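Open the model in your viewer and keep a cartoon view with side chains available on demand. The tour below moves from one selection to the next and says what is to be found at each.

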Amino acid sequence: MNGRRRQAGQILPLLGISLAVVLGFAGIGVDVGYLEYWQQQQQSATDIAALDAAEQLAHSSCASNASAQAVAKSDASANGFADGSNGISVVPNSPPVGGVLAGNGCAVSVSITSSNVSTFFSRLFGFNQAKETTQAVAEASANAEGAGCIYLLSPSVNQNFNGATVTAPQCGVLINDTANFNGATIDVGNIGYAGAAPNENGSHFSLATPAPMLTVADPCPTITGCAAISASPPPTSSCSAFNGNGYNGSLSPGCYSNLNLNGATVTLNSGTYVLSGSSNFNGSKITGSGVTLYVTASGTPPNFNGAQATLSPPTTGSQIGVLYYQVLANTGSPNFNGTNSSFSGLIYAPGATGVNFNGANGKYVVLVFGGMNSNGSIAWDFASPAPGGALVKQAVLVQ
C-alpha cells in the first residue's frame, strides 16, 4: 500500500511539468494570434496610406511628391500608426527608391515598422517584444481597368441610358445619383452609382454590373489640360460674329459672339474657339485637330445634330487633351448627336444636366457632365492612346 502511494507521488511532478508545457504552448499560440492580428492591421494601414498618397499624385498630375509623402504619414497616423510613436516608423518614398517602380514619379512606396509590439506569454521565455514590418506600393495609373471615362456628377439627376448600346471595355461609368438602363446593352469595365439602385429591366451587362460607390468628385483638377484652362481661362474680349451658312473653307481660332455653321463644310484651324454667344453646327461637316471649344457662362452650347464632325484636341501645350470646356456656371446642354461624328479627348460640361450624347464614336473620350441622355450607340476604343497621353489617372495598389 505504501508503495502505491510513493508511485502516485512521483506522477504529480510529471503532471505539473506537462501542464506547464501545455500552457506554454497555449500562451505562445495566443501571442502568435495577436501578432498576426497586429500584422493584418498594420498591412491594412500601409495599403491605405499608399493608395491615398497615389491619389494625391493623381490629383496633381504626378507633380506633388512631397504632398503625397505627407498624405501617407497622415493616413498612417489616422489608422493608429503614427511615425515616431511607440517605436513606430513610417517611411514613404515618392518616387520609390527600389523595385520595379523605382524612380517612377507617379508611384509611392510606404513602409511601416513597429519595433515594440508587446507579447504576453512569450515574455516568460525572454521574448518581451516583437518587430513587424509591412510594405505597400501604389501608382497613379492611367491604364487601370475601369478607370473613369464617363463622370455624371449631379447628385439629383436620374441618368438615362434606356436602349443605349455602350461599347468601351476599358471605361468606367461613375454616376453620383442613379440611372435607367432599361433595354440597354452596356459593355464597360466598371459601373458605379452613389444613389438608389438603377432600373435594369431588360438590360444586358457584358462585363461589369452596376455597383454602389461613394460620390465621385469632378476630375478636372486631376486632368492637366482641364486644370490649366480652369486656372487661366482664354480672353473673351474682341469677340466677333460669323454667319457661315453654307460656307466652305477654314476658320481661325478666336472669340465668337455668334458662330453659325449650319450646312457648312469647315476646317477649324488649331487653337481655342471661345463661344460667348449663340452657336449652331446643324448639318455641317466640321473637321479639326488641335482644337479646343470653350463655352463661356453667356455662351449657348453648340448643337451637333446631323453634323459630320471629326474633332480632336491639342496634343501639346497647356490645354492638352481638352476638346470641349464649358464653364460650371453654364447649365445649358450641348448636343453631340450624330452617328457620323467622331470626337476624342475631354468633353467637359459639369453644370449641364441634359446633355445628349448619341451615336458619336471616338478613339479616346472622357465625358464629364452633370447629367446625360444616351439612347443610341456609342463605341470607343479606349485601348488607343489619348491625345498627349491618358487624361484620368487612378490610384491602384501595385504590391
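Begin by selecting strand 21 (345-349) together with strand 24 (residues 365-369); in this predicted model the two strands pair in the parallel sense over five bridges. To place the register in the viewer, pick Ile347, whose bridge partner in strand 24 is Leu367. Then add strand 4 (residues 148-152), which runs parallel to strand 24 and is joined to it by three bridges, with Tyr151 standing opposite Val368.

Staying on strand 24, turn on its side chains: which of them point one way and which the other? Val365, Leu367 and Phe369 point one way, Val366 and Val368 point the other way, and all of these residues are buried. The strand is accordingly described as mostly covered, with five of its five residues buried. In a regular strand the side chains alternate between the two faces of the sheet.

For a contrast in burial, select strand 18 (residues 308-311), where Ala309 and Leu311 point to one face and are buried, while Gln308 and Thr310 point to the other and are not. Strand 16 (residues 285-288) pairs with strand 18 in the parallel sense over four bridges, and a useful pair to label there is Ile286 opposite Ala309. Strand 20 (residues 342-343) also runs parallel to strand 18, to which it is joined by two bridges; here Thr310 stands opposite Ser342.

Next select helix 3 (residues 224-231) and colour Gly225, Cys226 and Ile229, which are buried. Looking down the axis of helix 3, you will find that its buried residues fall within an arc of 100 degrees, so they line one face of the helix. An α-helix has 3.6 residues a turn, so residues three or four places apart point the same way. If you now display what covers these buried residues, the elements to look for include strand 17 (291-295), strand 19 (322-326) and strand 21.

Two of those covering strands carry an aromatic pair, but it is worth starting with the wider picture, since a search of the whole structure finds 13 aromatic pairs. One to select is Tyr256 with Tyr273: their ring centres are 6.3 Å apart and their planes are at 15 degrees, so the pair is stacked. Tyr256 belongs to strand 13 (residues 254-260) and Tyr273 to strand 15 (residues 271-280), and the pair links parts of the chain 17 residues apart. Both Tyr256 and Tyr273 are buried.

Move on to Tyr294 and Tyr325, another stacked pair, with 5.4 Å centre to centre and 0 degrees between the planes. Tyr294 lies in strand 17 and Tyr325 in strand 19, so this pair ties together parts that are 31 residues apart in sequence. Tyr294 counts as buried at 6% relative accessibility, and Tyr325 is buried with a relative accessible area of 7%. To finish with the rings, select Phe281, Phe304, Tyr324, Phe336, Phe343 and Phe357, which ring pairs link into a cluster.

The remaining stops are in loops. Select Ser154, in the loop between strand 4 and strand 5 (159-160): is this residue buried or exposed? At 11% relative accessibility, Ser154 counts as buried. A polar atom of the Ser154 side chain lies 3.4 Å from the backbone nitrogen of Val157. Leaving aside residues up to four places away in sequence, Ser154 touches Gln159, Asn176, Asp177, Thr353 and Gly370.

From there go to Thr178, found in the loop between strand 6 (165-175) and strand 7 (179-180), which is buried with a relative accessible area of 10%. A polar atom of its side chain lies 2.7 Å from the backbone oxygen of Ala196. With residues up to four places away in sequence again not counted, Thr178 touches Val157, Asn158, Gln159, Ala196, Ala197 and Pro198.

End at Thr215, in the loop between strand 10 (211-212) and helix 3, which counts as exposed at 58% relative accessibility. Thr215 touches Asn176 and Ala194, not counting residues up to four places away in sequence. As a last distance to display, the C-alpha atoms of Thr215 and Asp177 are separated by 8.4 Å, although the two residues are 38 residues apart along the chain.

Technical notes:
Residues are numbered from 1 along each chain as its sequence is written. This is a predicted model: local features need pLDDT of at least 70, side-chain atom pairs count only at pLDDT 80 or more; totals for chains, interfaces and linings use all residues. Side-chain values use heavy atoms; hydrogens and water are left out. Buried means under 20% relative accessible area, exposed over 50%, partly exposed in between (1.4 Å probe, protein chains only). Two strands pair if DSSP finds at least two bridges between them. The arc is that of the directions from the helix axis to the C-beta atoms. Contact means heavy atoms within 4.5 Å. A polar contact is a pair of N or O atoms within 3.5 Å; within protein, one must be able to donate a hydrogen and the other to accept it, and residues adjacent in sequence count only if both atoms are side-chain atoms. Rings of Phe, Tyr and Trp (its six-membered ring) pair if their centres lie within 6.5 Å; planes under 30 degrees apart count as stacked, over 60 as edge-to-face and the rest as tilted.
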